[in-house]
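Please open the structure in the viewer and keep the selection panel at hand. The tour proceeds by selections, each followed by a description of what is found there.

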Amino acid sequence: MNEQLSVQHLLGIKDLTKEDIELIFQTADNFKDVINRPIKKVPSLRDITIANIFFENSTRTKLSFELAERRLSADVVNFAASASSVSKGETLVDTVNNILAMKVDMVVMRHPRPGAALFLARHIKANVINAGDGTHEHPTQALLDAYSIREKFGRVEGVKVVIVGDILHSRVALSNILCLQKLGAEVMVCGPVTLIPKYMQSLGVKVEYNLKKALAWCDVANMLRIQLERQDIRYFPTLREYSMMYGLNRQLLDSLNKAITIMHPGPINRGVEITSDVADSEHSIILNQVENGVAIRMAVLFLLAQSRGI
Ligand code: CP
């Protein structure tokens, strides 16, 4: 087992090896023990300053990174674009260079443009962690999702995972596909034909347009939100119709001859892609995903900090 990551930045799952992912999981196992202890803090990142720069809204990712950073004893600064000089015309590099001039070591960034994290990594010396770049990648979400599957099944290899919904606009879908495939899972995508990009089959994933057939195939269903904020045209007639065709409800779940595990990266639109009785059911590991997110982000921060010689 490697003891260091092969990368200095976490820009996407695409750049990670299977060994990198296994190292992150093993490190997260240790940090999960730490965060379940009465004293949840370790001094691993003392004297490291981390800036969380969010140009898009976030609840889970931002809170989870901040908690992970504080549990590792890092110094943390938060930056929300809506309350900054970006609204006065400042560029991304100028904004970040100003933050770095304040001696920041690591930058966690969410940005609406695909490739923004890569652009930043090419222009600054700090380690960059992509917390979601447009419709491209959301690597820590995929890592925590795969980690939660590993926790539930004891392995990821051979587990059948269907990702359901708005694949076209989802950074979670692409990162999940890449991560699960690297770990040997079987992956299917399911949704309306208009929301499944043509290149999916070239990634080696199965494509299914019928939700009931997809659920009958899978061990795990990862239900995605319809990303109305990214949709420039209408991809389906109404949300009600979408929900009738692709929403997961108790009746559908009970009609399967087996139990499946339900996941959702959040935020959930209850009653659209998933009903409350399913989201809150014994089959759901949605809150386990959130809990595991902190341990995974601690592992990523800790391992990237090692590349700084800490
Ligand atoms: N899963 C996820 O990225 O949620 P947030 O948008 O709330 O961070």
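The stops below concern a sheet and then a single side chain in a helix. The model is predicted.

**First stop: the sheet.** Begin by selecting the five strands that form an open sheet, arranged in the order 7-6-5-8-9. Their pairing is parallel. At the edges lie strand 7 (206–208) and strand 9 (261–263), each of which pairs on one side only. Viewed from one strand to the next, the twist averages 25°. In general, the strands of a sheet pair through backbone hydrogen bonds, in either a parallel or an antiparallel manner.

**Second stop: strands 8 and 9.** Next, select residues 220–223, which constitute strand 8. Three bridges connect strand 8 to strand 9, and the two run parallel. Within this pair, display Val220, which stands opposite Thr261 of strand 9.

**Third stop: Asn292.** Now select helix 11, residues 286–306, and locate Asn292 within it. To relate this position to an earlier part of the chain, draw a distance from the C-alpha atom of Asn292 to that of Asp219: the two are separated by 20 Å, and the residues lie 73 apart along the chain.

Is Asn292 buried or exposed? Its relative accessible area is 0%, so Asn292 is buried.

**Fourth stop: the surroundings of Asn292.** Leaving aside residues up to four places away in sequence, select Lys32, Leu144, Tyr147, Ser148 and Glu151, which Asn292 touches. Which polar contacts join its side chain to those of Lys32 and Glu151? With the side chain of Lys32, Asn292 makes a polar contact of 2.7 Å; with that of Glu151, the polar contact is 3.1 Å.

Notes:
Residues are numbered from 1 along each chain as its sequence is written. This is a predicted model: local features need pLDDT of at least 70, side-chain atom pairs count only at pLDDT 80 or more; totals for chains, interfaces and linings use all residues. Side-chain values use heavy atoms; hydrogens and water are left out. Two strands pair if DSSP finds at least two bridges between them. Helices (H or I, at least four residues) and strands (E, at least two) are DSSP runs, numbered from the N terminus. Axes are lines fitted to C-alpha atoms, for helices over the stretch in contact, and angles run from 0 to 180 degrees between N-to-C directions. Buried means under 20% relative accessible area, exposed over 50%, partly exposed in between (1.4 Å probe, protein chains only). Contact means heavy atoms within 4.5 Å. A polar contact is a pair of N or O atoms within 3.5 Å; within protein, one must be able to donate a hydrogen and the other to accept it, and residues adjacent in sequence count only if both atoms are side-chain atoms.
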